[in-house]
Structures are given as structure tokens and as C-alpha cells.
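Here is a friendly briefing on a single structure, arranged by topic. Have the sequence and the 3D view at hand as you read.

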Amino acid sequence: MATLQTAITMRTTPNGVTRLYPNIVSYKNIGNDELIEYMTQNSGINKTTALNATAALRQIFYNYLLNGHTVKIPQLGTFRLSLKTKAVSDLKDCGVGCVKNVKVVSTPVSVIRNACKSVKFKGVLKDDQQLNIVTE
């Protein structure tokens, strides 16, 4: 079970209404070096094997996912591409120029989805605590 640190964020909507939202506090991104170090310390593989495994996984994304395939990684989840496009009324106007952006959609395996349901939150303020607002 995991515990996420949370904070209150204040945002103003386009119509001028201010809203408060609990948000996850993200400490930092885990980089390649930290990932490799974690793999070597916690899985019993050496650094060369960890580097080769991450390189092979990266190549799978380049060779398959970026060529339109859905990639299913055991015990992790499924990855696919999704497009945001502009609608047009005429077939001759419909082409690659209508694509606004491409993003990767990840669907985790049920074990990870279920684990997310048991995450505990720490830091959302009770009524008697002082409000510390982070503005974005």
C-alpha cells in the first residue's frame, strides 16, 4: 500500500471562479540513472543487463508503438497511440493536417489498477488546520 502526499491547489476557471483542489505532491521525476540503480539493487541483475533491458523496451516502443501497434507488456499494461484531430466536412480536406497531436495511452494491468484503489492520502487538511495554498 502506498501513501501519497497531497496539497491544496487554487485555480481560477476561465469564467473567473476560484476553486480549490487536492493535488498530489510530486517530488521529482525518476531519471534513467536512478531507474537503472533501482533495478540493479532490487532485482538481482547487473547494470549491463538493466541497461540492455531498458534499451530493448525503448526499441519496442519505437519499432511497434510508433508504427501503430498496441504493445502489451506483461505485468505492466497495454500501451497504444491516440490522436486528437480536427473534424472537417469534406473528404478532400481530411488528411494529416487535421491531426493536432499524438499521445500515448496507458492501461495498467488489473493488479496495478486495484493497487491504486488502496492508496492512502496524507496531507489533505482537516477543518482545524491552517490552509496553505499553492497557486499555479
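A patch here is built from residues with over 30% relative accessible area and no salt bridge, and nonpolar side chains are joined into one when they lie within 5 Å. Please keep in mind that this is a predicted model. With that in hand, we can go through a surface patch, a sheet, a loop residue and a pair of cysteines.

**Nonpolar surface patch**

- Leu57, Ile60 and Tyr64 make up a nonpolar patch on the surface, and together they offer about 250 Å² of accessible area.
- One of these residues, Leu57, belongs to helix α2, which covers residues 47-63.
- Leu57 has a relative accessible area of 34%, so it is partly exposed, and this value passes the patch cut-off of over 30%.

**The three-stranded sheet**

- Three strands form an open sheet in the order β3-β4-β5, and their pairing is antiparallel.
- The edges are taken by β3 (71-73) and β5 (99-108); because each has a single partner strand, one side of each has no neighbour in the sheet.
- From one strand to the next, the twist averages 25 degrees.
- Nine bridges join β4 (residues 77-85) to β5 in the antiparallel sense.
- If you would like a pair to look up in the 3D view, Phe79 has Ser106 in β5 as its bridge partner.

**A loop residue with positive phi**

- Between β3 and β4 there is a loop, and Gln75 lies in it.
- The phi angle of Gln75 is near 60 degrees, which is a positive value in a residue other than glycine.
- Gln75 counts as exposed, with 76% relative accessibility.

**Cysteines**

- How many disulfides does the count come to? A disulfide needs two cysteine sulfur atoms within 2.5 Å, and by this rule the count is zero.
- For Cys94, the closest cysteine sulfur is in Cys98, and at 4.9 Å it is too far away for a bond.
- Seen from the other side, Cys98 is in no disulfide either, as its nearest cysteine sulfur is that of Cys94, 4.9 Å away.
- Is Cys94 buried or exposed? With a relative accessible area of 51%, Cys94 is exposed, just past the cut-off of over 50%.
- Cys98, by contrast, counts as buried at 4% relative accessibility, where buried means under 20%.

Definitions and conventions: Residues are numbered from 1 along each chain as its sequence is written. This is a predicted model: local features need pLDDT of at least 70, side-chain atom pairs count only at pLDDT 80 or more; totals for chains, interfaces and linings use all residues. Side-chain values use heavy atoms; hydrogens and water are left out. Patches are made of residues with over 30% relative accessible area and no salt bridge: like charges are joined within 9 Å, nonpolar side chains (Val, Leu, Ile, Met, Phe, Trp, Tyr) within 5 Å. Accessible areas come from the Shrake-Rupley method with a 1.4 Å probe; for residues, only the protein chains shown count as cover. A salt bridge is a side-chain nitrogen of Lys or Arg within 4 Å of a carboxyl oxygen of Asp or Glu. Helices (H or I, at least four residues) and strands (E, at least two) are DSSP runs, numbered from the N terminus. Buried means under 20% relative accessible area, exposed over 50%, partly exposed in between (1.4 Å probe, protein chains only). Two strands pair if DSSP finds at least two bridges between them. Axes are lines fitted to C-alpha atoms, for helices over the stretch in contact, and angles run from 0 to 180 degrees between N-to-C directions.
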